[in-house]
Amino acid sequence: MKLQLGPAYGDFLADLPPNPSTSALADKLLDKLVSEFRYVQANATGALAKFMDFLTYGYMIDNVALLITGTLHERDTRELLDRCHPLGWFETMPALCVATNIEELYNSVLIETPLAPYFKGSLSHQDLDELNIEIIRNTLYKNYLEDFHNWVNTHSGVAGTPTAEVMTEILEFEADRRSINITLNSFGTDLSKADRQKLYPGFGRLHPEGTLMLSRADDPEAVRIAVDGVSDYRTFFDQTGMGSGSNVGNMAGGSDEGKSLEDLFYQKEMELSKLAFTRQFTFSVVYSWVKLREQVSCLLPIFINHTNSNTGNPQHHLDIRVYCSEPEGQDRQLHQRLLSCFVHCPSLTLVSSPGVHTHMLA
């Protein structure tokens, strides 16, 4: 496997032993993604520079949520820095480790991080407790998605361009997916309908009628009815059998084809990312390149483990965003998923000349 990856990842795999562990291999694949992303980011100017900043905010939210959780459990936050996603790293992140309690951490976040606008007016330090950590994460992500969506549709250098068209479709899908998942995952919890509605992004193909119906839903059947007006989502529910006398467990279970609702959402995400490469001169190819390359880093170790052991069902790895091909047996299906990511995730080629920065995804 190391030999096969050599042409694309040679420099990053050079110091690995002949038979590296899957975790070491995954780390190197991620290192290459981060290195190439940072290179492009360092040379980006104008609207592209801000666009790439937006790409990192989602990872920053996860990192800050991790630090909040560690602080609540009185963990040494310095140890948690190694577990933070490198694309969500920001220069002042170590300053957050100085905080010894939640209030200090909250004040540090407002001052030291790019996420400050997403906290202000939405969250206070009293909200930062273990029971609310997922609400905090989803509130921040809601504010982030709304800000990103507003930027691509109002910025003078982006609004009305193919970048705005492609990114609007991608962001609307992400907003709808989060609204549907939040609703389904809230059943059987103490989260009230009013609080649940506050977590829905204020845009998307389901907004506003569909999200209003989602806010009133009491079971998967009501969710299916709420999304019925969008053909893609209606098809997803039909394929998984959710809402037809089923339970929420089908989100992670399997239909006759062995695909869960999460599998179908991830498949749609990868399809949108691949389609972005059919449009020329758009910032969206950078977004899609990151998402597709990320899948290679996540999926390849699973593929290696499955190939070596010939055990386990890759369909159960619901936290991995993969493109699902038509099932033809476990080995064949996993192989096709990996090939899909490789084929549609081009290597990053950076071409520069004196005084000119040219960025190509070729």
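**Figure 1. Arg178 sits over the face of Tyr141.** In this predicted model, Arg178 lies 4.0 Å from the ring centre of Tyr141. Tyr141 also belongs to a cluster of linked ring pairs. A second charge over a ring involves Lys50, which lies over the face of Phe54. Here the distance to the ring centre is 4.9 Å.

**Figure 2. Ring pairs join aromatic residues into a cluster.** Its members are Phe51, Phe54, Tyr57, Tyr118, Tyr141, Tyr144, Phe148, Trp151 and Phe283. The count of aromatic pairs comes to 15. One of the pairs is shown in the next view.

**Figure 3. Phe54 and Phe148 form a stacked pair.** A pair of aromatic rings is described by the distance of the centres and the angle of the planes. For Phe54 and Phe148, the centres are 4.7 Å apart and the planes meet at 0°, so the pair is stacked. The cut-off for stacking is an angle under 30 degrees. The pair links distant parts of the chain, with the two positions 94 residues apart in numbering. Phe54 belongs to helix H3 (residues 46–72), Phe148 to helix H8 (residues 133–154). Phe54 has a relative accessible area of 1% and is buried. Phe148 is buried too, at 0%.

**Figure 4. Helices H3 and H8 pack roughly antiparallel.** Two packed helices are described by the angle between their axes and the distance between the axes. The axes of H3 and H8 make an angle of about 175° and lie 10 Å apart. An angle over 145 degrees counts as roughly antiparallel, and H3 and H8 are therefore assigned to that class. From H3, the contact draws on Ala47, Lys50, Phe51, Phe54, Leu55, Tyr57, Gly58, Ile61, Asp62, Ala65, Ile68 and Thr69. H8 contributes Ile133, Arg137, Leu140, Tyr141, Tyr144, Asp147, Phe148 and Trp151.

**Figure 5. A cis peptide bond joins His207 and Pro208.** Omega is about 5° at this bond. Most residues other than glycine have a negative phi, and most peptide bonds are trans. Pro208 is placed in the loop between helix H10 (193–198) and helix H11 (209–216).

**Figure 6. Phe281 has a positive phi.** The value is about 60°, although Phe281 is not a glycine. Phe281 lies in the loop that runs between helix H14 (261–275) and helix H15 (284–309). Its relative accessibility is 80%, so Phe281 counts as exposed.

**Figure 7. Ser273 is buried in helix H14.** Its relative accessible area is 2%. Beyond neighbours within four places in sequence, Ser273 contacts Ser288, Lys291 and Leu292.

**Figure 8. Two stretches of the chain have pLDDT under 50.** The mean pLDDT of the chain is 79. A value of 70 or more is reached by 75% of the residues. Residues 311–336 stay under 50, with 62 contacts beyond four places in sequence in the model. Residues 338–362 are also below 50, and this stretch has 46 contacts beyond near neighbours in sequence.

**Figure 9. The chain as a whole has 16 helices and two strands.** Of its 362 residues, 49% count as buried. Among contacts with a separation of 6 or more, 59% are between residues 24 or more positions apart.

Methods. Residues numbered from 1 in each chain as written. Predicted model: local features only at pLDDT ≥ 70, side-chain atom pairs only at ≥ 80, totals over all residues. Heavy atoms only, no water. pLDDT = per-residue confidence, 0-100. Contact = heavy atoms within 4.5 Å. Phe/Tyr/Trp six-rings, centres within 6.5 Å; stacked < 30°, edge-to-face > 60°. Helix = DSSP H or I, 4+ residues; strand = E, 2+ residues; numbered from the N terminus. Buried < 20%, exposed > 50% of the residue type's maximum accessible area, 1.4 Å probe, protein only. Lys NZ or Arg CZ within 6 Å of the ring centre and 35° of its normal. Axes fitted to C-alpha atoms, helices over the stretch in contact; angles between N-to-C directions. Parallel < 35°, antiparallel > 145°, perpendicular 65-115°, else oblique.
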